[in-house]
Amino acid sequence: MSILSTKLSRLKPSVTLLLNQKAKSLIKEGIDIIPFGVGEPDFDTPDNVKIAGIGAIVDGQTKYTNADGSIEMKKAIQLKFKRENNLDYNLNEIIVSTGAKQVIYNLFVATLDAGDEVIVPAPYWVSYPDMVLLGGGEPVFVNCDKNLKLTPQLLEDKITSKTKWVILNSPGNPSGVCYSDQELRALADVVAKYPHIHVMSDEIYEHIVFDGLKVKSIAQVAPELKQRIFIVNGVSKSYAMTGWRIGYGAGDEKIIKAMVMIQSQSTSSPCSISQAASIEALEGPQDVLKKNAAVFQARRDEAMRLLNASPLLEVTKAQGSFYLFVDMQKAIGKKTPSGKEIKNSDDFSLFLIEEANVAVVPGSAFGYEGFFRLSFATSMEELREGCNRIVTSCNKLS
Ligand SMILES: Cc1ncc(COP(=O)(O)O)c(C=O)c1O
């Protein structure tokens with residue numbers, strides 16, 4: 001009998017592992033690797049938020065809070081939903097967790113039984129399928145259309161009597177796509193036809209949107225489905241607070257209660273100090289949101305301009321998040337200077353790390369071949385250098 005559980009054997013080893021190892025060994029050799037794989041803003045947490053965290057330590061807010069988060073934090077989240085999304089949630093419909101990641105994990109552990117299906121549109125954020133598996137369910141993948149979006153037909157084709165959740169992520173990681181109100185409405189119309197299915201709407205990149213776009217939650221667009229929509233959000237990306245580990249969820253009181261039970265028997269309350277800082281993030285000055293989004297937008301434009309110089313690459317314009325999802329299918333079948341054939345996105349990413357010393361994430365990690373993800377959460381200088389190196393390397397493929 002193995003000491004490791006069988007549920008662990010259902011998880012797939014990360015395809016990015018090899019690339020990470022390669023990047024690490026090159027860095028050790030003193031080679032300057034440009035990190036385009038990162039999934040966190042390179043900005044510092046705003047000063048007012050840091051000061052609130054320090055204040056919480058000095059004031060002695062260093063004890064457990066309620067397992068589902070402090071009342072003050074939950075009130076700040078309640079106000080945020082009202083102010084920004086015009087959504088009303090009672091406090092018992094909100095949970096605060098150790099990052100959005102724990103919210104999603106709790107949600108699937110709380111609601112999935114063996115055989116329950118979760119529709120995961122690809123390209124997807126890497127953790128969704130494994131979280132579904134850890135929760136005991138089955139991820140059901142659906143390839144998005146050429147715009148990297150789930151359409152009503154694609155969704156409906158995958159619905160079975162076992163479907164419990166559909167995952168939506170707008171703005172999306174890795175695609176950068178945002179769903180319009182009409183697109184959300186059309187998806188909601190499909191969901192409305194099947195009373196047994198629920199929507200998990202991951203809105204963690206809500207504030208990182210470009211060109212004046214305002215992204216709505218599906219719960220705003222389809223208020224009649226609110227009880228069947230579970231919103232995931234957090235402070236990690238919007239307020240550059242990835243290390244503080246605060247995320248939150250809002251949805252049906254029954255589901256929240258079950259998630260709180262899991263949380264109270266695993267990690268207990270999220271960090272008291274981080275909660276105090278997150279209250280300041282949500283309630284303090286909000287100009288940082290627009291400021292950061294404008295910086296990301298300028299980088300997106302510059303990266304697109306530079307990458308478009310390669311005839312082998314096609315860049316989908318990101319409407320939000322801080323990723324470009326780049327089509328590299330024209331490089332498939334080409335040979336590297338050392339004679340190796342590029343067969344897929346893994347080969348291409350390995351080629352980029354060896355030839356350009358640039359680390360990107362292959363589309364295979366997101367269940368979507370023929371693409372790679374480039375994060376522009378790096379300085380403009382690094383971005384320019386890295387994109388130029390990618391284009392130069394692509395020119396060497398024959
Ligand atoms: C789409 C998506 N959801 C959730 C998360 C997790 O966020 P957190 O750091 O708050 O756990 C990430 C982080 O990369 C993400 O990209």
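1. The C-alpha centres of domain 1 and domain 2 lie 26 Å apart in this predicted model, where local features need pLDDT of at least 70, side-chain atom pairs count only at pLDDT 80 or more, and totals for chains, interfaces and linings use all residues. Residues are numbered from 1 along each chain as its sequence is written, and side-chain values use heavy atoms, with hydrogens and water left out.

2. On the bounds, domain 1 is 6-44 + 288-395 and domain 2 is 47-283, as given by an automatic or database domain assignment. Their contact (heavy atoms within 4.5 Å) takes 33 residues from domain 1 and 38 residues from domain 2.

3. Now the area between them: about 3000 Å² is buried, with carbon and sulfur atoms giving 58%. Buried area here is the accessible area (1.4 Å probe) that the two parts lose on being put together, summed over both. Arg10, Leu289 and Gln319 supply 23% of what domain 1 buries against domain 2, more than any other three residues.

4. You may also like the charged pairs: there are 3 salt bridges between the domains, each a side-chain nitrogen of Lys or Arg within 4 Å of a carboxyl oxygen of Asp or Glu.

5. Do look at helix H6 (residues 127-134), a DSSP run of H or I with at least four residues, numbered from the N terminus. Because 6 of its 8 residues are buried (under 20% relative accessible area, 1.4 Å probe, protein chains only), H6 is largely enclosed by the rest of the structure. Among the buried residues are Tyr128, Met131 and Leu133. After H6 comes Gly136, with a positive phi near 95 degrees.

Technical notes:
Buried < 20%, exposed > 50% of the residue type's maximum accessible area, 1.4 Å probe, protein only. Helix = DSSP H or I, 4+ residues; strand = E, 2+ residues; numbered from the N terminus.
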